[in-house]
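Open the model in your viewer and keep the selection panel at hand. The tour starts at the ligand and then moves to the helices.

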Amino acid sequence: MSFAPGILAGKAAIVTGGATGIGSYIVRKLGSLGARVAIVSRKEANLKSAVAAFKANDGIDVLWRVGDVRVPDLMQEVIEELANEMGGLDILVCNAAGNFICPTEDLSPNGWRTVIDIDLNGTFNCCQAALPYLKEASAGGRIISISATAANYGWPGAAHAGAAKSGIQNLMKSLAVEWGVYGIRANWISPGPIAGTEGVDRLIIAQGRAQEALDSIPLGTFGEGDDIANAVVYLASALGKYVSGTELTVDGGSQWQRR
Ligand code: COA
């Protein structure tokens, strides 16, 4: 089951962290529905192998640039180049993130700063760099940030990521208000655990918490990458045109499970 073919034809999208994990599902889905897509991440090897796989498996040509979302000048340069190459920019997906499990009492200032810098400052850097192009998007620019349901609660062992993701959520609310005048919609998606991603492998399975996590999901299974990608399409397409400043939770109902 899918959206109408070509629903994103004529749109141009940048997905940060689009070479791996949830980002790669988003890229595949946007590209298969007609958008031109570009990806940005830190590791050239990941970018190259992802672009080859998008082409071989899905028939999608994806542009790529090496870039660290923490570096504002670099992101300005990269987003400018990609937007010019694609003939504009309609959709920015802020997906790049870093996280690790560490009790807050053991977390070094640099560990804290690193995650805040990637997740929160990185999102700000990309949004600001994309603004001139999103302003020109014919059906209204779309910013979609990938957050986490855990950010709506305390997140023991990942206070750094929880604070960053909460910050992203508030940034999206502020941009929805400030940039609504430019026709820009800013929203965030909060995924629950998505099977086959580094987040689930490293933060849940490697911590021996797989069964506990499954027990906390009313629908009884981890999500799939396409569940998040479909949510992105809804927010990025004409179907989501009146949605701004809000959260789309995709977690099998777990946020309301009594623990
Ligand atoms: N526990 C405690 N502290 C950690 C840590 C861990 N597991 N991993 C990193 N840190 C700390 C480092 O010790 C360092 O602090 P210090 O200088 O006080 O020692 C600080 O965080 C920066 O780490 P560094 O590895 O130099 O940063 P980086 O910019 O190369 O990478 C991450 C940071 C978060 C991206 C890195 O942890 C990483 O590669 N994670 C895997 C990818 C990922 O997070 N994907 C997201 C999907 S969940």
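Which atom of the ligand lies 3.2 Å from a polar side-chain atom of Arg202? Select Arg202 and the ligand: the partner of that polar side-chain atom is an oxygen atom of the ligand, at 3.2 Å. Keep in mind that this is a predicted model.

Next, select Asn110. One of its polar side-chain atoms lies 2.9 Å from an oxygen atom of the ligand. Then add Asn99, where the atom to look for belongs to the backbone: an N or O atom there lies 2.9 Å from a ligand oxygen atom. With the ligand still displayed, turn on its surface; the protein covers 55% of the 930 Å² of accessible area that the ligand has on its own.

Now widen the selection to the whole shell. The ligand is surrounded by 15 residues, and the closest are Arg70, Asn99, Ser108, Asn110 and Arg202. Colour the shell by residue class: four of its residues are nonpolar, seven are polar and four are charged.

Colour by element after that. Two or more residues of the shell come from each of helix H4 (109-134) and helix H6 (198-205). H4 gives the largest share, four residues.

Finally, leave the ligand and select H4 together with helix H5 (residues 159-178). Their axes come within 8 Å and cross at roughly 20 degrees. Angles under 35 degrees count as roughly parallel, so H4 and H5 are roughly parallel to each other. Look along the line between the two axes to check the hand of the crossing, which is right-handed.

Key. Residues are numbered from 1 along each chain as its sequence is written. This is a predicted model: local features need pLDDT of at least 70, side-chain atom pairs count only at pLDDT 80 or more; totals for chains, interfaces and linings use all residues. Side-chain values use heavy atoms; hydrogens and water are left out. A residue is near a molecule or strand if one of its heavy atoms lies within 4 Å of it. A polar contact is a pair of N or O atoms within 3.5 Å; within protein, one must be able to donate a hydrogen and the other to accept it, and residues adjacent in sequence count only if both atoms are side-chain atoms. Accessible areas come from the Shrake-Rupley method with a 1.4 Å probe; for residues, only the protein chains shown count as cover. Ala, Val, Leu, Ile, Met, Phe, Trp, Tyr, Cys and Pro count as nonpolar, Asp, Glu, Lys and Arg as charged, and the others, Gly among them, as polar. Axes are lines fitted to C-alpha atoms, for helices over the stretch in contact, and angles run from 0 to 180 degrees between N-to-C directions. Angles under 35 degrees count as roughly parallel, over 145 as roughly antiparallel, 65 to 115 as roughly perpendicular and the rest as oblique. A crossing is left-handed if the near helix is turned anticlockwise from the far one by less than a right angle, and right-handed if clockwise.
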